[in-house]
2 protein chains.
Amino acid sequence: MHDKLADMAELLKLLGDRMRLAILGLLQERELCVGDIVELLGTSQPNASQHLRKLKSAGLVREYKRGQWVYYSLNLNDFPDLRIFLSQLPGRKERLISLAELPDRK
Amino acid sequence: MHDKLADMAELLKLLGDRMRLAILGLLQERELCVGDIVELLGTSQPNASQHLRKLKSAGLVREYKRGQWVYYSLNLNDFPDLRIFLSQLPGRKERLISLAELPDRK
DNA sequence: GGTATAAATAATTATATGTTTATATGAAAA
DNA sequence: TTTTCATATAAACATATAATTATTTATACC
């Protein structure tokens, strides 16, 4: 007997983290290796790695190894309802814009 | 400047709690006073009250007082995207069914 | 082999969160 | 106005979580 409510809560709790949402936003554009994510989000490697592990164990992302790199990609096959929602997350472009200092207008 | 990502994370974190999901599921059918929720969910009055406070401060529920009772109702006007999602939550009927011991079949 | 790089893991710290227990508010009824 | 009922709030406790630091694994390159 599985508790549907608990399952839903668990998934939502997983999504209820700013760093994980940022990661998912990036992965929506294309797969990335851990180092990319670290650089793009300005966090530490272990931190990114641990968030990725959680996302992976929930089935939200997949990983595959290529040489010494580990690439992560979004896997929403089991979560069709999340597509629309995740599409609202900022990706790389929006992130760069928000980071860059916009020049003052005359 | 507001952090959209942080706002989304905050809302999802709020939803990522089994008890709060259960409350929202009940409120989807009809407004309820705190005592009703306590009884239906089998939790303590302070516990229900505190979860309701969080849901209210996020704007997900409204409250109105009638005599010594305080009624809470769902308010999804500001969260149109949540409707479909919340409609999947179990309400009173599903809850009663899952609580009742189903008789064995011969 | 030895070293460098990429990522994962472990251990620690700090913080946040949910629940319980106890107490307070406030309205209705006696 | 005292008592009762419904709810809110506060404090204490326990648990969970994210981030940091340090270390380990694994692969590539010399």
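**Exercise 1. Strand pairing in chain B**

Which residue in β3(B) is the bridge partner of K65(B)? Place that pair in its sheet.

*Solution.* This is a predicted model. Start with the pair: K65(B) has V70(B) as its bridge partner in β3(B). Next, take the two strands. β2(B) and β3(B) run antiparallel and are joined by six bridges. Now widen the view to the sheet. The sheet is open, has three strands, and follows the order β1-β3-β2 in chain B, with antiparallel pairing. Finish with the edges. β1 (32–33) and β2 (61–66) of chain B each have a single partner strand, so one side of each lacks a neighbour in the sheet.

**Exercise 2. The hairpin in chain A**

Describe how β2(A) and β3(A) pair, and find the residue with a positive phi in their hairpin.

*Solution.* First, the pairing. β2 (residues 61–66) of chain A meets β3(A) in the antiparallel sense, over six bridges. Second, a position to check: L74(A) in β3(A) stands opposite V61(A). Third, the turn. Two residues lie between the strands of this hairpin. There, G67(A) takes a positive phi near 65°.

**Exercise 3. Two helices in chain A**

Classify the packing of α2(A) against α4(A) by angle, then list the residues that meet.

*Solution.* Take the geometry first. Helix α2 (residues 18–27) of chain A packs on α4(A) at an angle of about 75°, and the axes are 10 Å apart. Angles from 65 to 115 degrees count as roughly perpendicular. The two helices, α2(A) and α4(A), are therefore roughly perpendicular to each other. Now the residues. α2(A) brings M19(A), R20(A) and I23(A). α4(A) brings H51(A), L52(A) and L55(A). Sort the contact by class: four residues are nonpolar, one is polar and one is charged.

**Exercise 4. Relating the two chains**

What rotation and shift superpose chain B on chain A? Then examine the contact between the chains.

*Solution.* Two copies of a chain are related by a rotation about an axis and a shift along it. Here the rotation is 180° and the shift along the axis is 0.0 Å, with an RMSD of 0.0 Å. That is the relation of a two-fold axis.

Turn to the contact. 16 residues of chain B touch 16 residues of chain A. On the chain B side, the elements giving two or more residues are α1 (4–15) and α2 (18–27). α1(B) gives the most, with eight residues. By class, this side has 10 nonpolar, one polar and five charged residues. Compare the copies: 100% of the interface residues of chain B are also interface residues in chain A, so the copies meet through the same surface.

**Exercise 5. The surfaces near DNA**

Which elements give the most residues to the surfaces near DNA strands C and D?

*Solution.* Begin with strand C. 23 residues lie around DNA strand C, and the nearest are C33(A), G35(A), P46(A), S49(A) and P46(B). Elements giving two or more residues are α3 (34–41), α4 and β3 (69–74) of chain A, plus α4 of chain B. α4(A) gives the most, with six residues. The classes are eight nonpolar, 11 polar and four charged.

Repeat for strand D. DNA strand D is surrounded by 22 residues, with P46(A), C33(B), G35(B), P46(B) and S49(B) closest. At least two residues each come from α4 (45–57) of chain A and from α3 (34–41), α4 (45–57) and β3 (69–74) of chain B. α4(B) supplies the largest share, six residues. This surface divides into eight nonpolar, 10 polar and four charged residues.

Methods:
Residues are numbered from 1 along each chain as its sequence is written. Chains are lettered from A and ligands numbered from 1 in the order in which they are written. This is a predicted model: local features need pLDDT of at least 70, side-chain atom pairs count only at pLDDT 80 or more; totals for chains, interfaces and linings use all residues. Two residues are in contact if their C-beta atoms, placed from the backbone, lie within 7 Å. Helices (H or I, at least four residues) and strands (E, at least two) are DSSP runs, numbered from the N terminus. Ala, Val, Leu, Ile, Met, Phe, Trp, Tyr, Cys and Pro count as nonpolar, Asp, Glu, Lys and Arg as charged, and the others, Gly among them, as polar. A residue is near a molecule or strand if its C-beta atom, placed from the backbone, lies within 6 Å of it. Two strands pair if DSSP finds at least two bridges between them. Copies are superposed by least squares on the C-alpha atoms of residues with pLDDT of at least 70 in both. Axes are lines fitted to C-alpha atoms, for helices over the stretch in contact, and angles run from 0 to 180 degrees between N-to-C directions. Angles under 35 degrees count as roughly parallel, over 145 as roughly antiparallel, 65 to 115 as roughly perpendicular and the rest as oblique.
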